[in-house]
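This report looks at aromatic ring pairs and at one pocket. The sequence and the model are shown first.

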Amino acid sequence: MEKQIITQRITAILDDISRLQSALYAMSTTDLQRYPDNYEVLSTDAALRGENIACRLRHLIYATTGIKKSEYMQSAAVMQGVQIHCEKGVVEITLPALLPKRKQRQSSEFLLDPIYFALSDYADRHPLPKFNHCVVCFSHIYCRELPARRVRDYDNLELKQLLDVVSTFIMADDSGLLCDAYNTTELGDTDCTRISVMDKEHFSPWLEERKNSVKAISDF
């Protein structure tokens with residue numbers, strides 16, 4: 001890649017970093033209690049800018065260095081805190097954030113690429129089940145210390161792309177004929193998303209155990 005193009009891309013990223021700093025400063029000076037709508041707009045703008053910056057830096061690395069995407073993404077998954085566990089027939093994937101809204105392309109890329117390579121790395125080192133008929137449970141976990149108005153509708157979230165990634169490794173197919181989807185909203189210590197995949201016969205006891213151990217939004 002020509003030096004001029006590299007310089008232009010770096011300059012554009014620096015401009016975005018400057019805008020991100022401005023958005024963060026505006027957040028820090030906005031009264032969340034008096035102006036919640038303004039704060040929401042500012043915080044969303046800052047988050048999307050941060051994700052956009054990260055994605056553009058990734059592409060710059062791939063284009064200008066010898067680092068392979070798979071190598072970098074495994075490190076990115078660790079840095080983001082993506083966790084994968086398989087126990088008693090249940091595969092559980094924990095993401096360090098709430099799922100993005102639909103049509104936020106950069107936001108989806110920011111999460112989906114590390115998840116794909118984290119699953120690939122895990123599959124290379126551990127046996128994973130291949131579910132023929134399964135239930136996928138999306139647990140949307142909101143930090144209990146933040147306002148409940150942050151809770152979003154399930155149909156506004158980017159679930160399909162995430163399901164496509166997960167199905168590649170542990171499902172025969174994510175068709176509605178073979179896969180049921182279940183969503184739940186919970187309170188926790190921090191924002192995160194947990195995807196649990198299991199055979200259909202495991203779902204009822206899994207759900208009962210969750211109800212006995214997890215506080216849902218409706219409990220408050």
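## Basis of the description

Helices (H or I, at least four residues) and strands (E, at least two) are DSSP runs that are numbered from the N terminus. This is a predicted model, in which local features need pLDDT of at least 70 and side-chain atom pairs count only at pLDDT 80 or more, while totals for chains, interfaces and linings use all residues. Residues are numbered from 1 along each chain as its sequence is written, and side-chain values use heavy atoms, with hydrogens and water left out.

## The second largest pocket

The second largest pocket (an open set of points on a 1 Å grid over the protein atoms alone, where a 1.4 Å probe fits, with protein on both sides within 12 Å along at least five of seven lines) has a volume of about 340 Å³, the volume being the space filled by probe spheres set on the points. Twelve residues line this pocket, and Glu87, Val90, Glu92, Trp206 and Glu209 lie nearest its centre; a lining residue has an atom within 4 Å of a point.

At least two lining residues come from each of β1 (83-87), β2 (90-95) and α6 (200-213), and α6 gives the most, with six residues.

## Aromatic pairs

Rings of Phe, Tyr and Trp (its six-membered ring) pair if their centres lie within 6.5 Å, and planes over 60 degrees apart count as edge-to-face. By this rule there are five aromatic pairs. Tyr62 and Tyr72 form an edge-to-face pair, at 6.3 Å centre to centre with 75 degrees between the planes. This pair links distant parts of the chain, with Tyr62 in helix α2 (residues 36-64) and Tyr72 in helix α3 (residues 69-80), ten residues apart.

Tyr116, Phe117 and Phe169 form one aromatic cluster.

Terms used
Phe/Tyr/Trp six-rings, centres within 6.5 Å; stacked < 30°, edge-to-face > 60°.
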